[in-house]
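Here are my comments on the model you sent round. Please read them with the structure open.

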Amino acid sequence: MMRARNRWLEAAAGRTAWLLAACAVAGAVVRADDDHAVEAGPPDLRAIQQQQQEQNRVDLGKALEASVFEGTNGRGGLRPSPTGGDTDQAAEPAALAAARQVAERRLARVEEVCGLSEQQGRKLRLAMESDIRRLAEELDAMRRTYAGESVNFSQPAGQRKWQEFQQDVQRCRQRIRNLFNADSLYAKVLSTTLDAAQLATFTADMRERRSFRWKALVVAAMQKIDNSLGLDQKQYDAIEGLLLAKEPPLRVDGMPSDREDSHVQQMLVFMMLSEIDGAALRSAVSPRQWATLATLTNQGKAMRSFIEAQGVLEKSAP
């Protein structure tokens, strides 16, 4: 019995020794792997710097597409249709398509109010297409300028180039918004195509629509003015009357975004408020109210360049 127990203990000791040896070998392998990983050395700093530079790089051509052409597929400008008639609208970027919709609304309104003849309608449509084609050519030229060009924000030269790019983007946006202003071919042809009676009818219609829209903007802005100043009825009527008498040359057939931006509309009213005679405004409110009202007028005055860039005003009213 004693000899059997001793043999069992010897066998167990052998198995234990084998396990310990196996663990030692595994540990050596692990350490060897660890040592090998350490021996790989530090990461490639040049690759890291290059990756960071790429992250700071902006493709100006793609940025122009997103900012001006609203992410179109790159087929810029207008192409003649296979029939030689109207332009191929399927090739137009979204921004030009929106400008065309504005022109169509204007032309439809003129025809509704004035009753255009076929010849008059054709002349106005040709002028409209000419304005759109000229704009498309200008925007395509800008596209070619930035095609394949990129800037790196981590470099001063890249930052300067980005500022120049932003200025060009703003110019393109303003050009689109002001496509059918008073200096456009469409506006010039309109004034010579309509006869005296038609022109008088059209001008009266535009004034009526402009006044209606301005009154709506004033009513909306007066809510903020009233909430800020706590006006009584007499004060409210006095300020509202001064604003209504200061009607700007609003665009009544502008881009949809012009109508939807309540902030721009409110700032426009405050801008016109800043042009009202200060003595008339001051006499309508108390000294404490005037301090608040002056703040609103200063806000509007400071926003003038921004508001004019939004295309909500005509260069001159018809």
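The points below cover confidence, fold content, surface and cysteines.

1. Start with confidence. This is a predicted model. The chain has an average pLDDT of 78. Residues scoring at least 70 make up 72% of the chain.

2. Where is confidence lowest, and where highest? The low end is helix α1, residues 2-39, with a mean of 45. The high end is helix α9, residues 233-244, at 96. Two further stretches deserve a flag. The pLDDT is below 50 over residues 71-90. In the model, that stretch still has 38 contacts beyond near neighbours in sequence. Residues 255-259 also have a pLDDT below 50. Their contacts beyond near neighbours in sequence number 15 in the model.

3. Next, the fold content. The chain contains 14 helices and two strands. Take the contacts between residues at least 6 apart in sequence: 78% of them join residues at least 24 apart.

4. On burial and surface, the chain has 318 residues, of which 36% are buried. The exposed area of the chain is about 18,700 Å². Carbon and sulfur atoms account for 53% of that area.

5. Last, the cysteines. How many disulfides does a search of the whole structure find? The count is zero. Are cysteine 114 and cysteine 172 buried or exposed? The cut-off for buried is under 20% relative accessible area. Cysteine 114 has 12%, so this residue is buried. Cysteine 172 is at 5% relative accessibility and therefore counts as buried too.

Conventions:
Residues are numbered from 1 along each chain as its sequence is written. This is a predicted model: local features need pLDDT of at least 70, side-chain atom pairs count only at pLDDT 80 or more; totals for chains, interfaces and linings use all residues. Side-chain values use heavy atoms; hydrogens and water are left out. pLDDT is the predictor's confidence in each residue, from 0 to 100. Helices (H or I, at least four residues) and strands (E, at least two) are DSSP runs, numbered from the N terminus. Contact means heavy atoms within 4.5 Å. Buried means under 20% relative accessible area, exposed over 50%, partly exposed in between (1.4 Å probe, protein chains only). Accessible areas come from the Shrake-Rupley method with a 1.4 Å probe; for residues, only the protein chains shown count as cover. A disulfide is a pair of cysteine sulfur atoms within 2.5 Å.
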